[in-house]
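Got a minute to look at a structure together? I'd like to know what stands behind the labels people put on it.

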Amino acid sequence: MRNLFAFIYRFRAFLIFVLLEALCIFLIVRYNTYQGAAMFNSANTYVGQVLEFQSGVTDYFRLASVNSTLARENAALRQELMLYREEAEADSTAQLDTTLYAPTDTLKAQPFILHAGRVINNSVRRTNNYLTLAAGSQDGVKPGMGVISPNGAVGRVKTVSKKYATVTSLLHSQMLISAKIKKNNTFGTIKWTGGDYRTALLDYIPLHVKPEIGDTIVTSGYNTVFPEGINVGTISKVDREADKSFYTIRVQLAVDFAQLSYVYVVENPLRVERDSLELEAGIQPNE
Amino acid sequence: MNSSLGLRHIVQFVVFVALQILLMDSLVLFGTGFSFIYIAFLLFLPIDMNRVLLLFLGFVAGFAVDIFYDTMGIHAAASVLLAYLRPFILNLLTPRDGYDTNDSVNIHIMGWRWFLAYALTLILVHHTAVFLLEIFSLEGLSAAVPKILLSVLFTGVVMVILQLLFFSLKRANR
């Protein structure tokens, strides 16, 4: 027995080393999946405060580009509003409207709700990138909600605290977004493979469709994270490999992730109902 | 020169981790060169440091960075590895007549060759661990190699600059 204790004492450094490494590996395996609650992360209140302080300083250097983005978005919204107003002025057949869509289409009746959030921490150059927002559960943000910017899809909320939220960026090796080619509604999966933060891969586009360079890619709306038709990017390169039954398509992303400053968290009021129905029917959510 | 763990090292911990999170996070060379300067805290600890305490300090430093980087466990694992290997490297690099009582990890006291051999070896171990754990497989190995090499160089240069700026001979002899 004494020998055993002597042995343990002699190798105490090595044993503690093994123990700590085992703990680290456990943490890596447990918390580095792209979707999954984490106890310690940048949504933590104290960590969030530090990051908010940091972005409070660095934000001044980006004010010009932030202003021009907001101004451009304002212009686009005004244009759209004018279009609607014009239509409303000219349109006297509001009662006929029901012929265009079924009056029971729940998506039409209950639109998505947007919560604005400021980006206080952001990365684009790692293998797995995350954002931290200064908007948390008290602003209505919940895990699993989609995040969009004026230019297009950004990512998905991973965890929230009272005042902060961490978002799995589209630039994450395990993040998949259901998307489609806008002109012919062929749907595939957007995936980021690392490297350049301006391009991603569009997978599972079958060979019988003819994707062309410059085609717009938008979200499909086939899951409850993003509304349908949010911009993702444009096709920059189409490859056809001999041994694959799908195209390899490179997509130029619409969002410049290095320049993100304000984003919107998308709340779908019907999400719980739709998800539980699909789960009940045995459909696995295809993220 | 006080060789035990004191206020000076607590201040160094805070400063290096803050430097990492606030400044080095956004300072990336050509999209491949990262600087993980917080390990300077571990490297600059006293030479005759208790091994077990060193391991725990390595874990704490790595964990603090992990929280801000949202990379739970990766930096902690690499830092613990560094803390474990540090005494062995120090042993290997022992001068002919052993370490003096007032020796510390200082480029002026120990000389350029000793410092570079010591720092670059440990930085290489740490960075290799970080980038390999990040990809978590061997398929992205070819992409990781230039990242590792450039990052080791970057961190090494920053560390030497820190040594020359803040670890002058006068202060070390105080």
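Below are some questions about those labels, each with an answer.

This is a predicted model, in which local features need pLDDT of at least 70 and side-chain atom pairs count only at pLDDT 80 or more, while totals for chains, interfaces and linings use all residues. Residues are numbered from 1 along each chain as its sequence is written, and chains are lettered from A and ligands numbered from 1 in the order in which they are written.

Q: Why is strand β2 of chain A called largely enclosed by the rest of the structure?
A: A residue is buried if 20 or more other C-beta atoms lie within 10 Å of its own, exposed if 12 or fewer, and partly exposed in between, with C-beta atoms placed from the backbone. Six of the six residues of β2(A), residues 128-133, are buried, so the strand earns that description. Helices (H or I, at least four residues) and strands (E, at least two) are DSSP runs, numbered from the N terminus.

Q: Which residues of β2(A) point one way, and which the other way?
A: N128(A), Y130(A) and T132(A) go one way, while N129(A), L131(A) and L133(A) go the other, and all are buried. In a regular strand, side chains alternate between the two faces of the sheet.

Q: How do you know that β2(A) pairs with β1(A)?
A: Two strands pair if DSSP finds at least two bridges between them. Three bridges join β1(A), residues 113-122, to β2(A), and the two run antiparallel. Across that pairing, N121(A) stands opposite T132(A), and V119(A) stands opposite L133(A). The two strands form a hairpin, with five residues between them.

Q: What makes β5(A) a partner of β2(A) too?
A: Five bridges join β2(A) to β5(A), residues 165-172, again antiparallel. Here L133(A) stands opposite A165(A).

Q: What makes a barrel out of these strands?
A: Six strands close up in the order β1-β2-β5-β4-β3-β12 (chain A), with antiparallel pairing. The twist averages 45 degrees from one strand to the next.

Q: Which strands run around the closed barrel that includes β6 of chain A?
A: The order is β6-β7-β8-β11-β10-β9 (chain A), six strands with antiparallel pairing. Neighbouring strands of this sheet are turned by 40 degrees against each other on average, direction ignored. Within this barrel, β6(A) (176-181) and β9(A) (216-219) pair in the antiparallel sense over three bridges, and A179(A) stands opposite T219(A).

Q: Is Q54(A) called buried, partly exposed or exposed, and why?
A: Q54(A) has 19 C-beta neighbours inside 10 Å, so it counts as partly exposed. Its place is in helix α3 of chain A, and that helix (residues 45-58) lies across β1 and β2 of chain A, running at about 80 degrees to β1(A). Q54(A) and N121(A) are 67 residues apart in sequence and 8.5 Å apart in space, C-alpha to C-alpha.

Q: What makes the phi of N185(A) worth a look?
A: Most residues other than glycine have a negative phi. N185(A) is not a glycine, but its phi is positive, about 60 degrees. It sits in the loop between β6 and β7 (187-191) of chain A, and with 10 C-beta neighbours inside 10 Å it counts as exposed.

Q: Why does Y204(A) count as partly exposed?
A: Y204(A) has 15 other C-beta atoms within 10 Å, so partly exposed is the label. Its phi is positive as well, near 65 degrees, and its place is in the loop between β8 (199-203) and β9 of chain A.

Q: Why is α3(B) called roughly antiparallel to α4(B)?
A: The two helices pack at an angle of about 155 degrees, with their axes 7 Å apart. That makes them roughly antiparallel, since angles over 145 count as such, under 35 as roughly parallel, 65 to 115 as roughly perpendicular and the rest as oblique. Axes are lines fitted to C-alpha atoms, for helices over the stretch in contact, and angles run from 0 to 180 degrees between N-to-C directions.

Q: How many residues does each chain bring to the contact between chain A and chain B?
A: The contact takes 20 residues from chain B and 24 residues from chain A, where two residues are in contact if their C-beta atoms, placed from the backbone, lie within 7 Å. On the side of chain B, the largest share, six residues, comes from α3(B).
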